[in-house]
Amino acid sequence: MTPPPDPDRARLEHELVEAQRTLQELVLARRLEPLMRTHLTAQQMRALGILLIDGERSTTHLGEVLGVSPATISGIVDRLEAAGMASRRADPEDGRVRLVAATERGAEAVRSIVANDGPAGPETLALLTVPELEGLKAGLGGLLRVAREGGARAPESRAQDASHPGEQ
């Protein structure tokens, strides 16, 4: 016989799910801010991303990966170069080939959009009280434990575990 559901547990789970949803919305808004401020087009961002991942590449390679014509990739690179976000040079092995690389300014532009701190960055954690930090540490420890054990299970499995605590 399964024990009746614990109303306090159900309430806490509901409150935590709602808090997580609210936090996700707030984080989304925070992460979108740099994207809204950028003057880069989606293609320019993609080009910089490719250059950051692959390193210096030919304009031909860049155009192929982006699926755009040579004229289009030339325009994209021209604008990135004018903004100081990419540099272009002749390939030392074949002077007809132009190599493109992201500059530090280009890398920073991508970082400011993509690698924005999550909700629990150092600045945010510094604003929490010690009891809040301890509670957060305990909660995250529990989430890590569940994730390492194979992730979330169906509620029936939890109820079964609760009725047979020694059989895990």
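At what angle do the axes of H3 and H4 cross, and within what distance do they come? In this predicted model, the two axes come within 9 Å and cross at roughly 110 degrees. Because angles of 65 to 115 degrees count as roughly perpendicular, H3 is roughly perpendicular to H4. The contact between these helices involves Thr59, Leu62, Gly63 and Leu66 on the H3 side, which meet Ile73, Ile76 and Val77 of H4. Ile73 is in contact with Thr59, Leu62, Gly63 and Leu66, and also with Val68, when its neighbours within four places in sequence are left aside.

A second helix pair, H2 and H5, can be described in similar terms. Their axes come within 10 Å and cross at roughly 110 degrees, and H2 and H5 are therefore roughly perpendicular to each other. Here Met45, Leu48 and Leu52 of H2 meet Gly106, Ala107, Val110 and Ile113 of H5. The table sets out the two pairs.

| Helix pair | Axes come within | Crossing angle |
|---|---|---|
| H2 and H5 | 10 Å | roughly 110 degrees |
| H3 and H4 | 9 Å | roughly 110 degrees |

These four helices also contribute to the nonpolar core. In soluble globular proteins, nonpolar side chains tend to be buried together. The largest nonpolar core of this model has 19 residues, among which Leu40, Leu62, Leu66, Ile73 and Leu80 touch the most other members. At least two residues of this core are supplied by each of helix H2 (42–54), helix H3 (59–66), helix H4 (70–82) and helix H5 (104–114), and the largest share, five residues, comes from H2. Leu62 and Leu66, both named among the members that touch the most others, belong to the set of H3 residues that meet H4.

Viewed as a whole, the protein chain has eight helices and three strands, which follow one another along the sequence in the pattern α-α-β-α-α-β-β-α-α-α-α. Of its 168 residues, 21% count as buried. The accessible surface of the chain comes to about 12,000 Å², and carbon and sulfur atoms account for 59% of that area. Among contacts with a separation of 6 or more, 48% join residues that lie 24 or more positions apart.

Further along the chain, helix H7 spans residues 130–148 and has 19 residues. From its first C-alpha to its last, H7 reaches 27 Å, close to the 27 Å expected at 1.5 Å a residue. Just after this helix, Gly150 takes a positive phi of about 120 degrees.

Notes. Residues numbered from 1 in each chain as written. Predicted model: local features only at pLDDT ≥ 70, side-chain atom pairs only at ≥ 80, totals over all residues. Heavy atoms only, no water. Core = buried A, V, L, I, M, F, W, Y, C linked by side-chain atoms within 4.5 Å. Buried < 20%, exposed > 50% of the residue type's maximum accessible area, 1.4 Å probe, protein only. Contact = heavy atoms within 4.5 Å. Expected span 1.5 Å × (residues − 1). Areas by Shrake-Rupley, 256 points an atom, 1.4 Å probe, with all protein chains shown as cover. Axes fitted to C-alpha atoms, helices over the stretch in contact; angles between N-to-C directions. Parallel < 35°, antiparallel > 145°, perpendicular 65-115°, else oblique.
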